[in-house]
Amino acid sequence: MRSWALDTEEGDWVSMGVLSDGSYGIDKGLVYSFPVTVINGKVSIVKDLPINEFSKKKMRETEAELKEERDAVKHLF
């Protein structure tokens, strides 16, 4: 909340659930936790951080779970 309200420190980032823009291979439009900066209240995904294979695998698993959850409730909207 602090970073959201008061911006991130220069050179720092925080994790925040935001709509994916396709970064890190995550489906566009999926709400996912990304590394972000907040400057003047504007949230921006940090691009191209190095990610090891273990983390990539976990990210793909999390993406799959989120897609299943999204699809399970689609009929409610």
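Visitor: Which residues form one aromatic cluster?

Guide: Tyr24, Tyr32 and Phe34 form it. Bear in mind that this is a predicted model.

Visitor: How many aromatic pairs does the rule give?

Guide: The count comes to 2. Tyr32 and Phe34 form an aromatic pair, with 5.3 Å from centre to centre. Ring centres must lie within 6.5 Å to pair, so these two rings qualify.

Visitor: Why is the pair of Tyr32 and Phe34 called tilted?

Guide: Their planes stand 55° apart. Stacked needs under 30 degrees and edge-to-face needs over 60. An angle of 55° meets neither cut-off, so the pair is tilted.

Visitor: Are Tyr32 and Phe34 buried or exposed?

Guide: Both are buried. That word requires a relative accessible area under 20%. Across the chain of 77 residues, buried residues make up 25%.

Visitor: Which residues make up the largest nonpolar core?

Guide: The core has 10 residues: Met16, Val18, Ile26, Leu30, Tyr32, Phe34, Val36, Val38, Ile45 and Met59. β1 and β2 are the elements that give two or more residues to this core. The largest share, 4 residues, comes from β2.

Visitor: What makes that set a nonpolar core?

Guide: Membership takes buried residues of nonpolar or aromatic types on the list, joined through side-chain atoms within 4.5 Å. The 10 residues satisfy that rule, so they count as one core. In soluble globular proteins, nonpolar side chains tend to be buried together.

Visitor: Which residues does Met16 touch, beyond those up to four places away in sequence?

Guide: Met16 touches Trp4, Tyr32, Ser33, Phe34, Val36, Val38 and Val43. Each contact rests on heavy atoms within 4.5 Å.

Visitor: Where is Thr37, and what is Thr37 in contact with?

Guide: Thr37 is found in strand β2. Leaving aside neighbours within four places in sequence, its contacts are Thr8, Asp12, Trp13, Lys42, Val43, Ser44 and Val46. Glu63 is 26 residues from Thr37 along the chain, and their C-alpha atoms are separated by 21 Å.

Visitor: What is the order of the elements from the N terminus on?

Guide: They run α-β-β-β-α. That comes to 2 helices and 3 strands. Of the contacts with a separation of 6 or more, 40% join residues 24 or more positions apart.

Visitor: How do you know that the span of α2 is close to the expected one?

Guide: Helix α2, residues 53–73, has 21 residues. The expected span is 1.5 Å times one less than the number of residues. That gives 30 Å, and the helix reaches 31 Å from its first C-alpha to its last.

Visitor: What makes the link between Asn52 and Phe54 a polar contact?

Guide: At the start of α2, a side-chain oxygen of Asn52 reaches to within 3.3 Å of the backbone nitrogen of Phe54. The cut-off is 3.5 Å between N or O atoms, with a donor and an acceptor. The pair therefore counts as a polar contact.

Visitor: What stands out about phi at Asp7 and Asn40?

Guide: Phi of Asp7 is near 75°, a positive value in a residue other than glycine. Asn40 has a positive phi of about 55° and is not a glycine either. Most residues other than glycine have a negative phi. Asp7 is in the loop between α1 and β1. Asn40 is in the loop between β2 and β3.

Visitor: Why is Asn40 called exposed?

Guide: Its relative accessible area is 73%. Exposed means over 50%, so Asn40 is exposed.

Conventions: Residues numbered from 1 in each chain as written. Predicted model: local features only at pLDDT ≥ 70, side-chain atom pairs only at ≥ 80, totals over all residues. Heavy atoms only, no water. Buried < 20%, exposed > 50% of the residue type's maximum accessible area, 1.4 Å probe, protein only. Phe/Tyr/Trp six-rings, centres within 6.5 Å; stacked < 30°, edge-to-face > 60°.
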